[in-house]
Amino acid sequence: MKIAILSRNPKLYSTRRLVEAIEQRGHQAIVLDHLRCDLIIEQGDPHILYKGERLTDIDAVIPRIGASVTFYGTAVVRQFEMMKVKSAVDSQAIVRSRDKLRSLQILSRAGLGMPKTAFTNYSKETSELVKEVGGAPLVIKLLEGTQGLGVVLAETKKASESVIEAFHNLKARVIVQEFISEAGGADIRAFIVNGEVVGAMKRQGKEGEFRSNLHRGGKATLIKLTRQEKAAALLAAKSLGLGIAGVDMLQSKRGPLILEVNSSPGLEGIEKATQKDIAGKIIEYVESLIQTKPKKRIKE
């Protein structure tokens, strides 16, 4: 097979590992910068030009779409789908997962546990919002934030109201979320491929840091999921229609609480923590897609 990885940087760990895994299984790997793809939309012949040349004979794509280019990146994935090229992650599932509010609503509808969350259209009733999520301390997140950026821990009621009002005055969309103190600055990431947990790690924030993201200096260690945590992770990925996903959860007194579901989870942290060939699992999944019929779309 000829498998394309949609990535803006071929030197990234995740991209390099996918290329290695593709070639180890006897396939041809190419890396395409999705921002350099030109989409030609016409009746009966949708196609893509890459650096002026028409792309042909591609069997499958693995999207590695950064959050900042979701709009164009998903348009490129959608174009490949129109060309009958299999995608390891459905374009609509990427859109669904990137919208934090929408994804939380879908996860809530599926009956999954999550920190209590509030969203508003720049309401002036900030004290009521703070009260609704259990009071301070609480977490305030930019809807567009990634890798722990745009996330604030407000430790007092006054600080909470001030931060919310400041974001609202800037017309920045935020969600206000319950702070789970017993998590101790740690979370769990379960890596899902084709309806199976292929690896899990616990990420611990550095001292004094409530965010556990590895990009923020957190450390990852191998963890064995409980049956409840495994079930929650699998249902979260399924609810969003993701064949590949990184499901982030907090351990709480009331069970696992879903924080976020990532449609382009990095491979470096999970492979180093688990010592597993996660990239190889992804390529096995891509191989299986070529043999299967298209799945029905997830009901919105």
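In which loop is the place of P137? Select P137 in this predicted model, and you will find P137 in the loop between helix 5 and strand 9 (138-142). Keep A136 in the selection as well, for a cis peptide bond joins A136 and P137, with omega at about -5°. From here, step back to E128, which has its place in helix 5 (residues 126-132) and is partly exposed, with a relative accessible area of 40%. If you draw a distance from the C-alpha atom of E128 to that of L138, the two are separated by 13 Å, and they stand 10 residues apart along the chain.

Next, go to the salt bridges, of which the structure holds 14. Begin with R17 and E20, which form a salt bridge whose closest N and O atoms are 3.0 Å apart. Both residues lie in helix 1 (residues 13-24), where they are 3 residues apart, about one turn of the helix. An α-helix has 3.6 residues a turn, so residues three or four places apart point the same way. The two partners can be told apart by their cover: R17 is buried at a relative accessible area of 13%, under the 20% cut-off, whereas E20 is partly exposed at 35%. Now add E271 and D277 to the selection, and you have a network of salt bridges that links them with R17 and E20.

For a pair that spans two strands, select R203 and D187, whose side chains meet in a salt bridge of 2.9 Å, N to O. R203 lies in strand 13 (residues 196-204) and D187 in strand 12 (residues 186-193), so this pair ties together parts that are 16 residues apart in sequence. R203 counts as buried at 6% relative accessibility, and D187 is buried too, with a relative accessible area of 5%.

Stay with strand 12 and move to R189, which forms a salt bridge with D248, the closest N and O atoms being 2.7 Å apart. Because D248 lies in strand 15 (residues 244-252) and R189 in strand 12, the pair ties together parts that are 59 residues apart in sequence. Here again both partners are covered, D248 at 6% relative accessibility and R189 with a relative accessible area of 8%.

For charge at the surface, select K224, K230, K276 and K281, which form a positive surface patch. Among them, K276 has its place in the loop between helix 8 (268-274) and helix 9 (278-291), and K276 is partly exposed, with a relative accessible area of 45%.

Turn then to helix 2 (residues 70-82), which has 13 residues and reaches 18 Å from its first C-alpha to its last, close to the 18 Å expected at 1.5 Å a residue. Colouring helix 2 by accessibility will pick out its buried residues, including T70, G73, V76, V77 and F80. Helix 2 is followed by K84, whose phi is positive, near 70°.

Two further backbone stops complete the tour. D57 is not a glycine, yet D57 has a positive phi of about 60°; look for D57 in the loop between strand 5 (53-54) and strand 6 (60-63), where D57 counts as exposed at 62% relative accessibility. K171, likewise a residue other than glycine, has a positive phi near 60°; K171 is found in the loop between helix 6 (157-169) and strand 11 (174-178) and is exposed, with a relative accessible area of 55%.

Key:
Residues are numbered from 1 along each chain as its sequence is written. This is a predicted model: local features need pLDDT of at least 70, side-chain atom pairs count only at pLDDT 80 or more; totals for chains, interfaces and linings use all residues. Side-chain values use heavy atoms; hydrogens and water are left out. Patches are made of residues with over 30% relative accessible area and no salt bridge: like charges are joined within 9 Å, nonpolar side chains (Val, Leu, Ile, Met, Phe, Trp, Tyr) within 5 Å. Accessible areas come from the Shrake-Rupley method with a 1.4 Å probe; for residues, only the protein chains shown count as cover. A salt bridge is a side-chain nitrogen of Lys or Arg within 4 Å of a carboxyl oxygen of Asp or Glu. Lys and Arg count as positive and Asp and Glu as negative; His and the chain ends are not counted. The place of a charge is taken as NZ of Lys, CZ of Arg, CG of Asp or CD of Glu. Helices (H or I, at least four residues) and strands (E, at least two) are DSSP runs, numbered from the N terminus. Buried means under 20% relative accessible area, exposed over 50%, partly exposed in between (1.4 Å probe, protein chains only). The expected span of a helix is 1.5 Å times one less than its number of residues.
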